[in-house]
Amino acid sequence: VLLQAYGGGLVQAGGFRRLSCAVSGNIFTYNAGAWFRQAPEKSREWVATIRPGGNIDYADSVKGRFTISKDGGKNTLNLQMNTLKPEDTAVYYCRVTKGVRNYWGQGTEVTVSS
């Protein structure tokens, strides 16, 4: 299973950014897709999860601002990030689950300037 995350970059506070994670194979064959992030000098934290059937959860810190989705046509896991804050600055990682195994992407960096 190969995952390639992209879409990171520099954005001003209040702006938006869309991250995508290209997944090998059919995205809908995976049990769940999730995004995590790791800010400088902090441990990795969970951001959002999408499960088969559309069940979705968000961390409280991003609820109402971020939207996780899957695109079957492109086989991507996406994270639309709106109203970005400096505290959203982090390396963002995608993860998919198949069976009992998790597969991680390499991370894409998002920097939000104040």
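Colleague: What does contact mean here, and which residues is Arg65 in contact with, leaving aside its neighbours within four places in sequence?

Modeller: Contact means heavy atoms within 4.5 Å. The model is a predicted one, and Arg65 is placed in its loop between β6 (56-58) and β7 (66-71). With neighbours within four places in sequence left aside, the residues in contact with Arg65 are Gln80, Met81, Asn82, Thr83, Leu84, Lys85 and Asp88.

Colleague: Is Arg65 buried or exposed?

Modeller: The cut-off for a buried residue is a relative accessible area under 20%. Arg65 has a relative accessible area of 10%, so Arg65 is buried.

Colleague: Which backbone oxygen does the side chain of Arg65 reach?

Modeller: Thr83 is among the residues in contact with Arg65. At 2.9 Å, the side chain of Arg65 reaches a backbone oxygen, that of Thr83.

Colleague: How are the rings of Phe36 and Trp104 arranged: stacked, edge-to-face or tilted?

Modeller: The count of aromatic pairs comes to one. In this pair, the ring centres of Phe36 and Trp104 are 4.9 Å apart and the planes stand at 55 degrees. Planes under 30 degrees apart would count as stacked and those over 60 as edge-to-face, so the pair of Phe36 and Trp104 is tilted.

Colleague: How far apart in sequence are the parts that the pair of Phe36 and Trp104 ties together?

Modeller: Phe36 belongs to strand β4 (residues 32-38), whereas Trp104 belongs to strand β10 (residues 101-104). The pair therefore ties together parts whose separation in sequence is 68 residues.

Colleague: Which of the terms buried, partly exposed and exposed applies to Trp104?

Modeller: Its partner Phe36 has a relative accessibility of 12% and counts as buried. Trp104 has a relative accessibility of 36%, and so counts as partly exposed.

Colleague: How many residues of β4 are buried?

Modeller: Phe36, which lies in β4, counts as buried at 12% relative accessibility. The strand β4 is mostly covered, and of its seven residues the number buried is six.

Colleague: How many bridges join β4 to β9?

Modeller: The strands β4 and β5 run antiparallel and are joined by five bridges; in this pairing Ala34 stands opposite Thr49 and Arg37 opposite Glu45. On β9, Thr97 is the bridge partner of Ala32. The strands β4 and β9 also run antiparallel, and the number of bridges that join them is seven.

Colleague: Which residue of β6 stands opposite Ala48?

Modeller: The strands β5 and β6 run antiparallel and are joined by three bridges. Their hairpin has five residues between the strands, and Gly53 takes a positive phi near 90 degrees there. Opposite Ala48, in β6, stands Tyr58.

Colleague: Which residue takes a positive phi in the hairpin of β4 and β5?

Modeller: Most residues other than glycine have a negative phi. The hairpin of β4 and β5 has six residues between the strands, and the residue with a positive phi of about 65 degrees is not a glycine. At a relative accessible area of 86%, this residue is exposed. The residue is Glu41.

Colleague: What is the phi of Asn75?

Modeller: Asn75 is placed in the loop between β7 and β8. Asn75 is a residue other than glycine with a positive phi, near 55 degrees.

Colleague: Which strand supplies the largest share of the largest nonpolar core?

Modeller: This core has 29 residues, and Trp35, Leu79 and Tyr92 touch the most other members. Strands that each supply at least two of its residues include β1 (3-6), β3 (17-23), β8 (76-81) and β11 (108-113). The largest share is four residues, and these come from β9.

Colleague: Which residues does Leu79 touch, not counting residues up to four places away in sequence?

Modeller: Leu79 is one of the core residues that touch the most other members. Not counting residues up to four places away in sequence, the residues touched by Leu79 are Arg17, Arg18, Leu19, Trp35, Val47, Phe66, Thr67, Ile68 and Tyr92.

Colleague: At what distance from the ring centre of Tyr30 does the charged end of Lys98 sit?

Modeller: Arg44 lies over the face of Tyr93, at 3.7 Å from the ring centre. For Lys98, the charged end sits over the ring of Tyr30, and the distance from the centre is 5.0 Å.

How values were computed. Residues numbered from 1 in each chain as written. Predicted model: local features only at pLDDT ≥ 70, side-chain atom pairs only at ≥ 80, totals over all residues. Heavy atoms only, no water. Phe/Tyr/Trp six-rings, centres within 6.5 Å; stacked < 30°, edge-to-face > 60°. Buried < 20%, exposed > 50% of the residue type's maximum accessible area, 1.4 Å probe, protein only. Lys NZ or Arg CZ within 6 Å of the ring centre and 35° of its normal. Polar contact = N/O pair within 3.5 Å; in protein donor to acceptor, adjacent residues only side chain to side chain. Core = buried A, V, L, I, M, F, W, Y, C linked by side-chain atoms within 4.5 Å. Pairing = 2+ DSSP bridges.
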